[in-house]
Amino acid sequence: MEQTREMWKVALSAKQIADLVLLPAIVVDIHAAIIAANSEAQDIGFLIGKNIGGIPQITDSAKLSDSLMTCFNQQKRTETLIGVNVRDQKREYRAVCVPVAEDEPSGVTLITFYHEDKSEEMIERLVAGHKFLTIGRLAAGVMHEIRSPIQYIGDNVRFVMESTRLMIQVYNELSGLVNKGDSSDLCEKLYVILNKHDFEDLMEDIQPALTESQEGVRQIRYILDAMKRFSHPGYDHKEWVNVNDLIKSALTITHGEWKNYANLRLDLDPTLPEISVLRDEISQVFLNLLVNAAQAIQKKKESIGEKGEISIRTQHDNSEIIIHIRDSGTGIPQGLIGRIFEPFFTTKKPGEGTGQGLSLVQQIISRHRGQIKVTSEDMVGTQFEISLPLIESSE
């Protein structure tokens with residue numbers, strides 16, 4: 001009974017993952033029966049309760065069953081090409097089988113289906129999905145609601161600052177009268193009033209307080225602008241952008257992820273030229289890498305109790321720009337470095353990650369004719385080096 005409950009806990013986690021996947025995805029048990037399927041999978045005939053060997057839409061069910069059995073027996077990711085009849089039209093899919101819990105074999109497996117002719121569309125959909133998973137589906141509405149009051153708060157702070165300058169001027173004039181030593185009743189009263197409420201201390205404190213408030217408003221507005229740029233629907237054409245600006249926006253959005261666990265070291269090349277990219281996709285690259293870095297540092301801090309560091313450096317030569325993103329987190333075991341870019345491979349617990357992040361990063365960089373390299377040392381940290389061409393070969 002306990003084993004059955006544990007299996008269904010894992011199955012539930014896998015179902016949550018399947019629902020997050022923006023491609024057809026199913027969850028099968030050790031008997032190859034479908035126990036969960038997202039809407040995309042159901043649209044092409046993968047229905048809950050069916051055995052994958054008995055789905056008439058699959059023309060290569062034996063190949064899929066063999067791949068699934070290898071995944072079951074060896075507890076490792078497998079993939080195979082299969083044919084699927086979708087509305088009387090045969091399509092070729094790459095079926096990727098991934099154990100839900102590699103360390104604790106449960107027989108529960110996630111299978112995702114890539115349509116081979118839809119790689120560009122797949123990347124666009126994954127970018128869109130990751131964007132809203134990161135920011136939250138209501139972020140755009142929240143930003144709209146917050147931006148208006150922030151605007152008038154900023155205006156009011158500026159008004160009060162100007163008014164305070166006049167108050168200080170009046171105070172100085174009144175003080176001048178009192179300091180003349182006039183013994184009239186009026187001067188005595190003015191002296192009492194000025195000292196009754198510690199007016200001098202108030203004048204010393206009010207300006208720093210207002211300056212600090214205005215800076216806080218500026219920071220909030222900057223955060224909202226960064227979120228607005230990221231959550232806005234992306235263009236389907238490339239734009240000329242400064243990569244430094246995209247990095248700064250990503251740092252602003254992810255600030256809450258790493259501020260308590262890591263110090264930031266920036267070395268951004270001020271002469272970095274603009275490059276032509278899909279803004280949404282390159283922003284997603286930086287966001288994914290920064291979130292991964294923050295999680296790795298947090299995990300290490302929990303064991304050693306010390307703050308880590310995230311270091312970002314940009315540079316360029318005549319042909320490309322290079323971005324180095326380094327963290328002092330837990331690192332990646334040497335035996336797993338070669339697998340981190342595999343779709344749906346993850347070292348996180350079931351339900352904590354889909355294993356799509358780094359795979360998506362690599363696909364985006366390749367789509368931009370760039371390269372990404374990774375070096376890592378266990379419990380020392382990880383560094384990603386990204387190179388993007390200044391001018392694409394097609395241009």
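Here is a short tour of this predicted model, one selection at a time.

**Start with the whole chain**

Show everything as a cartoon before you zoom in. The chain has 11 helices and 12 strands. Of its 395 residues, 45% count as buried. Now switch on the surface: the accessible area is about 21700 Å², and carbon and sulfur atoms make up 51% of that. What about contacts between residues at least 6 apart in sequence? Of these, 64% join residues at least 24 apart.

**Stop 1: Ala 32**

Select Ala 32, in the loop between strand S1 (25-28) and S2. Most residues other than glycine have a negative phi. Ala 32 isn't a glycine, yet its phi is positive, at about 70 degrees. With a relative accessible area of 14%, Ala 32 is buried.

**Stop 2: Asn 38**

Move along to Asn 38, in the loop that links strand S2 (34-37) to helix H2 (39-43). Is Asn 38 buried or exposed? Its relative accessibility is 2%, so it counts as buried. Show the side chain of Asn 38 and look for the backbone nitrogen of Ala 41: a polar atom of that side chain lies 2.9 Å from this nitrogen.

**Stop 3: two cysteines**

Next, select Cys 71 and Cys 97 together and show their side chains. Each is buried: Cys 71 has 0% relative accessibility, and Cys 97 also has a relative accessible area of 0%. How far is the sulfur of Cys 71 from the closest cysteine sulfur? That closest sulfur is in Cys 97, 5.4 Å away, which is too far for a bond. The cut-off for a disulfide is 2.5 Å between the sulfur atoms. By that rule, the count of disulfides is 0.

**Stop 4: helix H8**

Now pick out residues 243-253, which make up helix H8. Here 8 of the 11 residues are buried, so the helix is largely enclosed by the rest of the structure. Color the buried ones to see where they sit; among them are Val 243, Leu 246, Ile 247, Ala 250 and Leu 251. Some have polar side chains to look at too, including Asn 244, Ser 249 and Thr 252, and these are buried as well.

Then add Asn 242 to your selection. Asn 242 caps the N-terminal end of H8, with a side-chain oxygen 2.8 Å from the backbone nitrogen of Asn 244.

**Stop 5: the S11–S12 hairpin**

For the last stop, select strand S11 (residues 371-377) and strand S12 (residues 381-389). The two run antiparallel and are joined by 7 bridges. For one example, find Lys 373 in S11: its bridge partner in S12 is Glu 385.

Show the side chains of S11 and look along the strand. In a regular strand, side chains alternate between the two faces of the sheet. Which residues of S11 point to the buried face? They are Ile 372, Val 374 and Ser 376. Gln 371, Lys 373, Thr 375 and Glu 377 point to the other face and aren't buried.

Finish at the turn. S11 and S12 form a hairpin with 3 residues between them. Click on Met 379 in this loop. Although Met 379 is not a glycine, its phi is positive, at about 65 degrees. Met 379 is partly exposed, with a relative accessible area of 37%.

Methods: Residues are numbered from 1 along each chain as its sequence is written. This is a predicted model: local features need pLDDT of at least 70, side-chain atom pairs count only at pLDDT 80 or more; totals for chains, interfaces and linings use all residues. Side-chain values use heavy atoms; hydrogens and water are left out. Buried means under 20% relative accessible area, exposed over 50%, partly exposed in between (1.4 Å probe, protein chains only). Helices (H or I, at least four residues) and strands (E, at least two) are DSSP runs, numbered from the N terminus. Two strands pair if DSSP finds at least two bridges between them. A polar contact is a pair of N or O atoms within 3.5 Å; within protein, one must be able to donate a hydrogen and the other to accept it, and residues adjacent in sequence count only if both atoms are side-chain atoms. Contact means heavy atoms within 4.5 Å. Accessible areas come from the Shrake-Rupley method with a 1.4 Å probe; for residues, only the protein chains shown count as cover.
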